[in-house]
Amino acid sequence: MIRGCGPSVFAADVARPVRRLAEQDHNIVHWSELPRGGHFAAMEQPGLFAADVRTFFRRFR
């Protein structure tokens, strides 16, 4: 079981999370700030999104 989260923050997100605040309530094991994409990042930047998901899950192999 994975006990952590890995937020991806995209450049055009409407509401950008603040890591310091997120870490207060969540076990952040991976944090990415990506240069392109927004609310629909998986559709807008599928390559960046997929690479980030792979990077997150690689640590759990």
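**A guided tour centred on Asp13**

Of the 61 residues in the protein, 23% are buried. The model on display is predicted.

Begin with the whole chain in cartoon view. Three helices and two strands should be visible, and tracing the chain along the sequence gives the order β-α-β-α-α. The C-alpha trace extends about 30 × 30 × 15 Å along its principal axes. Contacts between residues at least 6 apart in sequence join partners at least 24 apart in 56% of cases.

Next, display the surface. The accessible area is about 4600 Å², and carbon and sulfur atoms account for 55% of that area. Colouring by charge then shows 9 positive and 6 negative side chains, with the centres of the two sets 9 Å apart.

Now select strand S1 (8–10) and helix H1 (19–25), and move to the loop between them, where Asp13 is found. Is Asp13 buried or exposed? Asp13 is buried, and no salt bridge accompanies it. Select Arg16 as well: this is the nearest side chain of opposite charge, at 5.8 Å from Asp13. A salt bridge requires a separation within 4 Å.

Which backbone atom lies 2.9 Å from a polar atom of the Asp13 side chain? Select Phe10 and show its backbone: the atom in question is the nitrogen of that residue.

Finally, add Ser8, Gly37, Gly38 and His39 to the selection. Each of these is in contact with Asp13, neighbours within four places in sequence being left aside. With these residues shown together, the surroundings of this buried aspartate can be inspected in one view.

Note on methods: Residues are numbered from 1 along each chain as its sequence is written. This is a predicted model: local features need pLDDT of at least 70, side-chain atom pairs count only at pLDDT 80 or more; totals for chains, interfaces and linings use all residues. Side-chain values use heavy atoms; hydrogens and water are left out. Helices (H or I, at least four residues) and strands (E, at least two) are DSSP runs, numbered from the N terminus. Buried means under 20% relative accessible area, exposed over 50%, partly exposed in between (1.4 Å probe, protein chains only). Lys and Arg count as positive and Asp and Glu as negative; His and the chain ends are not counted. A polar contact is a pair of N or O atoms within 3.5 Å; within protein, one must be able to donate a hydrogen and the other to accept it, and residues adjacent in sequence count only if both atoms are side-chain atoms. Contact means heavy atoms within 4.5 Å. Accessible areas come from the Shrake-Rupley method with a 1.4 Å probe; for residues, only the protein chains shown count as cover. The place of a charge is taken as NZ of Lys, CZ of Arg, CG of Asp or CD of Glu.
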